[in-house]
Amino acid sequence: MAAAFRRAMNGLYLLCVIVGCTALVLISAIIPWAVFTRYVLNSAASWPEPLAVLLTIVLTFIGAAAAYRLNLHMNVSYFADQLPSKFHALLDLLVQLLMALVAIFMIVWGKLLVEVTWHNTIADFPFLSVGVTYLPIPIGGICLLLFIIERIVLGAPPDPIPHTHDAVSFD
């Protein structure tokens, strides 16, 4: 059962990374297009900026869940490192539980935000519901909560990128 859950979380992580990377690549293509149309063609397109904002929402919430899974997010551990080692596991559990509260907040309030704005449309994209644009918030919260459960139950996932700790010599 544990191995199946770990494999499922590996798949979810891969999906989060693909979605986040796709959003980042699209943002990186859209912004130069906006600059090109504005300054070279002297006719600014109206859609690049709002689309880049929508993709940034996807990148932020889905990508953050993936980064949290492998502990690639920013954190300040100075004070935690100063504690005796016997308290590290307890502090890590406390951090996971607090992050679970954040994930639950994202799920509950994100779902309400999606429901409230579902029938509104975006001026630049009248075919797109505002609620759809907020879907990354509860989806990211669900992914984050699943990754937290994985970390609490099974421990930290193995790093998929092999690292070498050999010193580099510039002699």
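This report describes a buried leucine, a nonpolar surface patch and the cysteines of a predicted model.

## Leu 144 in helix H6

Leu 144 lies in helix H6, which spans residues 136–154, and with a relative accessibility of 6% this residue counts as buried. Beyond its neighbours within four places in sequence, Leu 144 is in contact with Ala 65, Tyr 68, Met 99, Ala 103 and Met 106. Ile 107 stands 37 residues away from Leu 144 along the chain, and the C-alpha atoms of these two residues are separated by 9.7 Å.

## A nonpolar surface patch

Ile 31, Trp 33, Val 35, Phe 36, Tyr 39, Val 40, Leu 41 and Trp 47 together make a nonpolar surface patch of about 790 Å². One of these residues, Phe 36, belongs to helix H1, which covers residues 2–39, and its relative accessibility of 34% places Phe 36 in the partly exposed class.

## Cysteines without disulfides

A disulfide is a covalent bond between the sulfur atoms of two cysteines, and the structure holds 0 of them. For Cys 16, the closest cysteine sulfur is that of Cys 143, and because the two sulfur atoms are 3.7 Å apart, they are too far from each other for a bond; the cut-off applied here is 2.5 Å. Cys 21 is likewise in no disulfide, as the nearest cysteine sulfur, belonging to Cys 16, is 11 Å away.

As for their surroundings, Cys 16 is buried, with a relative accessible area of 3%, whereas Cys 21, at 43% relative accessibility, counts as partly exposed.

Note on methods. Residues numbered from 1 in each chain as written. Predicted model: local features only at pLDDT ≥ 70, side-chain atom pairs only at ≥ 80, totals over all residues. Heavy atoms only, no water. Helix = DSSP H or I, 4+ residues; strand = E, 2+ residues; numbered from the N terminus. Buried < 20%, exposed > 50% of the residue type's maximum accessible area, 1.4 Å probe, protein only. Contact = heavy atoms within 4.5 Å. Patch = residues over 30% accessible without salt bridge, like charges linked within 9 Å, V, L, I, M, F, W, Y side chains within 5 Å. Areas by Shrake-Rupley, 256 points an atom, 1.4 Å probe, with all protein chains shown as cover. Salt bridge = Lys/Arg side-chain N within 4 Å of Asp/Glu carboxyl O.
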